[in-house]
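Dear colleague,

Please find the structure below, followed by an account of what was found in it.

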Amino acid sequence: MNISFTLNKRKYELDIAPSLRLIDLLRNKLHLTGTKEGCGEGECGACTVIIDEQAVNSCLVLAIQIRDREVITIEGLEENGELDALQKAFIDNGAVQCGFCTPGMIMSAKALLLKNPHPTEEEIRTTMAGNLCRCTGYVNIINAVKQASK
Amino acid sequence: MRKFEVAMPSDMDELKYYLKNACSDTLLISGGTDLMIKIKNHPEVDYKIIDISGVKELDYIMAEEGYIKIGARTTFTKIAENGLVLKYGTCLAEASSQVGSNQIRNWGTIGGNIGNSSPAGDLLPALCALNARVTIMDGHGNVEGIPVQDIITGIGKNVVGHGRVITEVSFLIRDDSYISAFGKIGSRSQVTIARLNMGIALKYNCFHNLIEEANVALGALGPKVIVSERISTILNSRKADNKLKEEFSAALREEVDNAIPGRVSQMYKRNAIKGLAYDVWDKLFKERIVSTKGEM
């Protein structure tokens with residue numbers, strides 16, 4: 001099925017199998033492996049991408065559903081070789097251990113900051129409650145988002 | 001090899017066309033946050049799907065002809081943040097804000113929540129408390145309005161039927177004397193499936209601290225939402241004081257006992273509902289003006 005969409009500011013027109021999930025399109029077809037699959041059921045948030053400025057679990061989206069939409073993945077945050085403020089903040093605050101949850105965490109936070117540039121800690125915690133981390137204990141992640149929001 | 005066919009209507013006319021030609025096993029996908037999990041867990045099944053995510057005409061919230069009208073494609077996030085819903089359907093806004101995670105709320109829709117017909121569906125008790133109606137359309141454009149409490153017939157089952165789609169949910173706009181609240185208990189404080197949930201809508205005279213009408217709906221207590229006329233009767237024409245709060249809590253416990261006698265979860269739920277009762281009561285009354293000092 002032919003669809004058009006924008007991904008990381010680049011326009012695409014592709015023939016996509018109707019059963020293909022968005023996460024599989026990104027990772028397997030487009031080789032954008034920054035987005036991770038944790039649970040495949042929308043529980044862990046590792047697969048979070050931004051669709052039309054909203055954080056969404058890419059494991060729960062059929063790829064054809066992004067037709068005429070704008071998608072951003074973790075790879076799309078960097079500009080001209082410069083890391084996004086959130087990415088830098090995650091590094092500065094030791095918010096990355098194994099790194100598996102990190103792309104999803106950053107994309108959730110990015111979507112939050114696009115909508116609310118100065119969230120409270122409560123708002124950060126509520127917004128990112130759908131992103132699980134088994135390593136860090138979340139404190140450094142919250143601090144990273146706070147730093148990026150200043 | 002599995003067959004997986006998807007139709008992608010881009011407007012209502014195309015949607016009607018695909019509905020007219022739908023088979024008895026054709027499924028509808030709106031956001032897909034429920035269906036995609038089923039698809040993943042059943043890779044052996046053939047699927048015929050109509051994807052309505054591109055039908056923008058079904059994505060709206062408006063006040064019209066004395067009703068708040070919400071298109072079936074409207075996401076939980078949009079409902080939770082909408083000024084009209086917050087004002088005239090507070091319990092629905094609260095329910096929408098507590099569905100799943102932020103990511104789920106950004107993609108899942110009210111039509112999908114009703115169509116999935118889960119016993120723990122968070123929007124269902126809130127919609128029942130508001131006496132909301134669901135509009136269903138077939139492939140010829142014929143529409144039917146059904147009260148939300150009559151939509152669900154069992155676990156994952158409803159009256160929508162093949163070749164039809166939920167297009168809208170609506171509820172009456174009432175004056176400021178009408179208040180509502182939603183509460184939910186799950187295994188976690190957030191991102192949790194409800195083990196109990198409740199929607200309550202009242203006509204409340206804040207000058208006399210008097211409940212003049214009540215509508216109470218309980219979810220996650222059986223295949224369908226329980227709309228408790230008994231509890232409504234207990235609350236009607238009563239002062240919202242601590243005595244009534246305790247009667248309300250006790251009556252909810254009885255509803256649990258009546259709904260799930262002998263079930264493994266009965267003991268937990270008959271105690272947990274007390275906490276839910278208190279939470280919802282405080283949401284409704286804690287900050288409202290009372291006429292008699294100390295009654296709250």
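**Interface and helix packing**

The contact (heavy atoms within 4.5 Å) takes 33 residues from chain A and 30 residues from chain B. This is a predicted model, in which local features need pLDDT of at least 70 and side-chain atom pairs count only at pLDDT 80 or more, while totals for chains, interfaces and linings use all residues. Residues are numbered from 1 along each chain as its sequence is written, chains are lettered from A and ligands numbered from 1 in the order in which they are written, and side-chain values use heavy atoms, leaving out hydrogens and water.

About 2,500 Å² is buried between chain B and chain A, with 56% of that area given by carbon and sulfur atoms; buried area is the accessible area (1.4 Å probe) that two parts lose on being put together, summed over both. Three salt bridges are found across this interface, a salt bridge being a side-chain nitrogen of Lys or Arg within 4 Å of a carboxyl oxygen of Asp or Glu. The side chains of A:Arg67 and B:Asp51 form a salt bridge at 2.7 Å, N to O.

Within chain B, helices (DSSP runs of H or I, at least four residues, numbered from the N terminus) H10 (residues 242-259) and H11 (residues 266-285) cross at roughly 145 degrees, and their axes come within 9 Å. Axes are lines fitted to C-alpha atoms over the stretch in contact, with angles from 0 to 180 degrees between N-to-C directions. The residues of the contact of H10(B) with H11(B) comprise eight nonpolar (Ala, Val, Leu, Ile, Met, Phe, Trp, Tyr, Cys and Pro), three polar (the others, Gly among them) and eight charged (Asp, Glu, Lys and Arg).

Yours sincerely

Terms used
Helices (H or I, at least four residues) and strands (E, at least two) are DSSP runs, numbered from the N terminus.
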